[in-house]
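Work through these exercises with the sequence and the structure side by side. Try each task before you read its solution.

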Amino acid sequence: MTPTESSSNENNMEKKMQATTPSSLASVASNRQQRVPGTNLLGTGLETRGVHAWFGKKHVLSDVSLDFAAGTVTALIGPSGCGKSTYLRTLNRMHEFIPTAALAGEVLLDGQDIYAPGTDVTKIRLKVGMVFQKPNPFPSMTIGENVLSGLKLAQLKKSNTDELLESCLVRAGLWSEVKDRLGEHGGALSGGQQQRLCIARSLAVEPQVLLMDEPCSALDPGSTFRIEETISELAKSMTIVIVTHNMQQAARVSDYTAFFLSDGGPGVMVETAPTSKIFSSPTDKRTEDYVTGRFG
Amino acid sequence: MMQSTIPTPQTPWATSIQQRLNTAGLILLGAVLAGVAVKTTGLSGKLGFAVSFFVIASLLIFIQQLRLRDLAAAKDSLLSSFASLAIILTLIPIISIVATVVVKGYKGIHFGMFTNDMTMASVNDPVTAGGLLHALVGTIMMVGVALLISFPIGLLTALYLTEIRGNLARPIKFLVQAMSGVPSIVAGLFILSILIIPVTQELTGLMGSLALSILMIPTIARTAEEMLRLIPNELREAGVALGATQWRTVSGVVVPAARSGLVTAVILGIARIIGETAPLLLVSGGADALNFNPASGPMGSLPYYIWKAFLTGGTEEAYSRAWGGMLILLIFIVLLFSLARYLSGRKVA
């Protein structure tokens, strides 16, 4: 195949990937079509008030208050170890999966504190899905079983599973690649395909909010591009929070960006603003230093 | 369009036939030199030959590599020689045991042994009289019941250690390790003194299964624990993040992912107990009659059948009978393990 024959998709991808300098990041961010919050959605979004987190005695996150309006994509950026992944995991109560974890503050989903006593944690995680950094399809299941595994695991009854299977894979941008091999094991897919399989898996239980913890950090640019397309598609029907080290990715996919930083102590949220503003005229000097690449 | 011919696939890194012949020649030369050494020096016998053969052959290959390549390659070849020696030393006893059992045992095999028990025959009768049906049935039943008891307990113990990780995990792990060293006769005495003498006052197959379970549970629990630890934590997180409870995550994700490892645990557990004789002598007695009911009456077993033929007989016929029993036990174990491997490898990629 000669270069001129490559698909329009790849050309499109190259254009998107060209953004490398901070000023072009700002232009990428401002050229995106802005989403209107709160359309076509069930819930009213997610909100945190004064969230702190600890592992054992170590205070890793301090006083983070953020709003995630329904139907928007928010990127959490910042250097390694600033607590952004920990913060993300407080949003669907995966934080408590680590034995020494502790927490303070409130996380409100549709106005209800998900940490309130008597809350069923499995219900929260059904509403707030998660995609992890490393693709983790279930090795004992086929591609099709992986997508529908959430129904089985959470004991949900669904009548038309074939339709659901197809729609989840279509929304995750994987259907055309796997529709003839749904009976194969997930491990037979490439890394990028596995990650989209994991996205499809989290869609099957129909979450209101999808948390993504550096979903593209283990993937090649082509797969990254496909997943970013998927994110844009998903944002029409759900709220997305994405942790990323890739500032171009933040500029490409998110409506809002929150910058986290740790100066050796617990991580704090330095600044949050519409993504185009974060990359063009951040209020805080530290944010400016980070997005212009002066440190981090 | 460019015309291109597809080259033939080659493997230039593979050892050439020439090299293989050279090495084989050196090994042969080593054998000859070792023979000479045994003849001319103080070394003598098979052991002397084996030792001098190994030393001379390794030395020859070492020199060959040193001349052809360099010192590093020569050292490499020395390591290969030692590895080959270790493999041979490991294989000798295994092959020797299997060969002895097959050679001595085939005389004790006849079709009638699968349809008869020993009620109408004594061990000193011709091997064609009587059979080991009762022993085979007894072994299958007692090992089967022991497995039914031990697998759930062993697996749940392993799950407690890896998934629940409760406060008692450390002492339990220590106990399980200590228990795996319990001599089998102690397990038999334990059942005898806490169940048979004070309660049932009857030797039965079930008591045998209980004694075997004491030996089997620690093996299954330890192996299953190691296998469950190999399952990456990401899978547990993925299950929980989909809204599953811990129990659903364990039963739907973790255990299926560890399936082939758990089959290994079962195999090792069975291997631990299938040849046990001592505890069975104490608690399930030894029967010469076919008994399908583990809850009542003594029950025979293959190890007991072998033991009895060896110890209470004295004729060639009795020895043939014992060796025949061993061959059947060996074949039975191989079949069982092959089946387990087949079942575990069938679905998981």
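The exercises below concern a predicted model, and each is followed by a worked solution.

**Exercise 1. Confidence**

Task: Find what the model scores in ipTM and pTM, then find the mean pLDDT of chain A and of chain B.

Solution:
- Start with the whole model. Its ipTM is 0.83 and its pTM is 0.81.
- Go to chain A. The mean pLDDT is 85, and 88% of the residues reach 70 or more.
- Look for weak stretches in chain A. Over residues 1–10 the pLDDT is below 50, and this stretch has 2 contacts beyond near neighbours in sequence.
- Residues 14–19 of chain A also stay under 50 in pLDDT. The model has 8 contacts beyond four places in sequence for them.
- End with chain B. It averages 88, with 98% of the residues at 70 or above.

**Exercise 2. The antiparallel sheet of chain A**

Task: In which order do the 4 strands of the antiparallel sheet of chain A stand, and which are the edge strands?

Solution:
- Trace the strands across the open sheet. The order is S2-S1-S4-S5 in chain A.
- Pick out the edges. S2 (58–68) and S5 (112–113) of chain A each pair on one side only.
- Inspect one pair. S1 (residues 46–55) of chain A and S2(A) run antiparallel, joined by 7 bridges.
- Place one bridge. A:Leu46 has A:Phe68 in S2(A) as its partner.

**Exercise 3. The mixed sheet of chain A**

Task: Give the order of the 6 strands in the mixed sheet of chain A, and work out why one side of each edge strand has no neighbour in the sheet.

Solution:
- Write down the order. This open sheet of chain A reads S6-S7-S8-S3-S9-S10.
- Take the two ends. S6 and S10 (268–274) of chain A each have a single partner strand, so one side of each is left without a neighbour in the sheet.
- Note the twist. It averages 20 degrees from one strand to the next.
- Recall the principle. Strands of a sheet pair through backbone hydrogen bonds, in parallel or antiparallel fashion.
- Find a parallel pair. S3 (residues 73–77) and S9 (residues 256–261) of chain A run parallel, with 4 bridges between them. A:Thr74 is bridged to A:Tyr256 in S9(A).
- Find an antiparallel pair. S9(A) and S10(A) share 6 bridges. Here A:Ala258 faces A:Thr272 in S10(A).
- Follow the chain between S9(A) and S10(A). The hairpin has 6 residues between the strands, and A:Gly264 takes a positive phi near 100 degrees.

**Exercise 4. A helix checked by its length and burial**

Task: Compare the expected span of helix H8 (residues 191–203) of chain A with the distance between its end C-alpha atoms. Then decide why this helix counts as largely enclosed.

Solution:
- Count the residues. H8(A) has 13, which should span 18 Å at 1.5 Å a residue.
- Check against the model. The end C-alpha atoms of H8(A) are 19 Å apart, which agrees.
- Apply the burial cut-off. A residue is buried if 20 or more other C-beta atoms lie within 10 Å of its own.
- Draw the conclusion. In H8(A), 12 of the 13 residues are buried, so the rest of the structure largely encloses this helix. Among the buried ones are A:Gln194, A:Leu197 and A:Ile199.
- Identify the cover. It includes S6 (128–131), H5 (143–153), H6 (161–171), H7 (175–178), S7 (209–213) and H9 (221–234) of chain A.

**Exercise 5. Where the chains touch**

Task: How many residues does each chain bring to the contact, and which element of chain B gives the most?

Solution:
- Count both sides. Chain A brings 24 residues and chain B brings 20.
- Name the elements of chain B that give two or more residues. They are H8 (233–241) and H9 (246–257).
- Rank them. H8(B) gives the most, with 7 residues.
- Sort the side of chain B by class. It has 11 nonpolar, 5 polar and 4 charged residues.

**Exercise 6. Two leucines of chain B**

Task: Are B:Leu60 and B:Leu330 buried or partly exposed?

Solution:
- Locate B:Leu60. It lies in H2 (residues 45–68) of chain B.
- Count its surroundings. B:Leu60 has 19 other C-beta atoms within 10 Å, so it is partly exposed.
- List its contacts beyond four places in sequence. They are B:Leu26, B:Leu29 and B:Gly30.
- Locate B:Leu330. It sits in H13 (residues 316–345) of chain B.
- Count again. B:Leu330 has 17 other C-beta atoms within 10 Å, so it too is partly exposed.
- Look along the chain. B:Leu330 and B:Val98 are 232 residues apart, yet their C-alpha atoms are separated by 8.3 Å.

How values were computed. Residues numbered from 1 in each chain as written. Chains lettered and ligands numbered in written order. Predicted model: local features only at pLDDT ≥ 70, side-chain atom pairs only at ≥ 80, totals over all residues. Expected span 1.5 Å × (residues − 1). Contact = placed C-beta atoms within 7 Å. Pairing = 2+ DSSP bridges. Axes fitted to C-alpha atoms, helices over the stretch in contact; angles between N-to-C directions. pLDDT = per-residue confidence, 0-100. Nonpolar A, V, L, I, M, F, W, Y, C, P; charged D, E, K, R; others polar.
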